[in-house]
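New notebook page, new structure. I want to know how far to trust it, how it is built and what sits inside.

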Amino acid sequence: MKARNLLLAATSVLLLSSVPAKATDFALFGSYWKTDVAGKAGGGGIDFGLPVNDTFGFELRATYFEQLNDDPFRHIFHSDQDVFRNQSLQVLPLEAGVKFNFAPGSTFRPYIGGGASYFLLDSDFGEVKDELGWYGSLGATVGDNQGPQFFFEGIWRKVRAEVRVDPEDLGDIGDINAEDRVSFDLDGFGLNAGIRWTF
């Protein structure tokens, strides 16, 4: 990834981790994302919740997708097999939004959320700029409020990116044509699942 992207990501993680523990919940999760044009990806992330009351709160999250391609899981578990191959795209969405929780205090607690996304993008086939987008999520948390809890959610992300390429290096990536500047949508549905802790 670009050095500035790594610096921004590290800064974001430090800011997220500085949130007072007494007012947060913290989650680790695995993630799957299928985009309209650039393929699929498997990754993982962290999430910090900042509850205002039992039903409403803010959330900050970061998810890393090593590369978007047509065979995401093979490249996670077999990282020695040319992970950063030609024509791949690495993505790190940093997201901030709101979340509405339903049935507080129960074992099964559905929620809905959404907000803004800042996509840190890096490509092996050209120069690509970071972009702003948005996301919406629908999920549920299962378990006791005082201990580890399992959660799962569906998430929709929307963003439009542009890459400057050398037509000879691009080849074919989905529906993208070889031009000097290529715009493409990274819209797509994803799934997250993991463990959440409330402090």
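**Confidence.** I'm dealing with a predicted model, so I looked at pLDDT before anything else. The protein chain averages 77, with 66% of its residues at 70 or more. Which elements mark the two ends of the range? Strand β8 (residues 149-158) has the highest mean pLDDT at 96, and helix α2 (residues 72-77) the lowest at 44.

I then looked up the low stretches. Over residues 70-86 the pLDDT is below 50, though the model still gives this stretch 32 contacts beyond near neighbours in sequence. Residues 16-22 also stay under 50, with eight contacts beyond four places in sequence.

**Layout.** I counted three helices and 11 strands in the protein chain. Reading from the N terminus, I get the order α-β-β-β-α-β-β-β-β-β-β-α-β-β. I also checked how far apart in sequence the contacting residues are: among contacts between residues at least 6 apart, 63% join residues at least 24 apart.

**Inside.** Of the 199 residues in the chain, 44% count as buried. I went looking for nonpolar cores, and the largest has 13 residues. W33, L89, V91, F119, L121, F184 and L186 have the most contacts inside this core. Strands β4 (89-101), β5 (108-123) and β9 (160-165) each supply at least two of its residues. I noted a second, separate core too: six residues, among them I46, A62, L92 and L94.

**Pocket.** How much space lies in the largest pocket? I read off about 480 Å³. Its lining has 24 residues, and D25, D54, N101, N145 and T198 are the closest to the pocket's centre. β2 (40-51), β3 (56-68), β4, β5 and β11 (188-198) each give two or more residues to the lining. Sorting the lining by type, I get 10 polar residues, eight nonpolar and six charged.

**One glycine.** I ended with G147, which lies in the loop between β7 (131-142) and β8. Is G147 buried or exposed? Its relative accessibility is 18%, and the cut-off for buried is under 20%, so G147 counts as buried. I also looked up its distance to W197: the two are 50 residues apart along the chain, yet their C-alpha atoms are separated by 6.3 Å.

Methods
Residues are numbered from 1 along each chain as its sequence is written. This is a predicted model: local features need pLDDT of at least 70, side-chain atom pairs count only at pLDDT 80 or more; totals for chains, interfaces and linings use all residues. Side-chain values use heavy atoms; hydrogens and water are left out. pLDDT is the predictor's confidence in each residue, from 0 to 100. Helices (H or I, at least four residues) and strands (E, at least two) are DSSP runs, numbered from the N terminus. Contact means heavy atoms within 4.5 Å. A nonpolar core is a set of buried Ala, Val, Leu, Ile, Met, Phe, Trp, Tyr and Cys residues joined through side-chain atoms within 4.5 Å. Buried means under 20% relative accessible area, exposed over 50%, partly exposed in between (1.4 Å probe, protein chains only). On a 1 Å grid over the protein atoms alone, a cavity is a set of points where a 1.4 Å probe fits but cannot get out, and a pocket is an open set with protein on both sides within 12 Å along at least five of seven lines; lining residues have an atom within 4 Å of a point. Grid points are joined across faces, edges and corners, and a volume is the space filled by probe spheres set on the points. Ala, Val, Leu, Ile, Met, Phe, Trp, Tyr, Cys and Pro count as nonpolar, Asp, Glu, Lys and Arg as charged, and the others, Gly among them, as polar.
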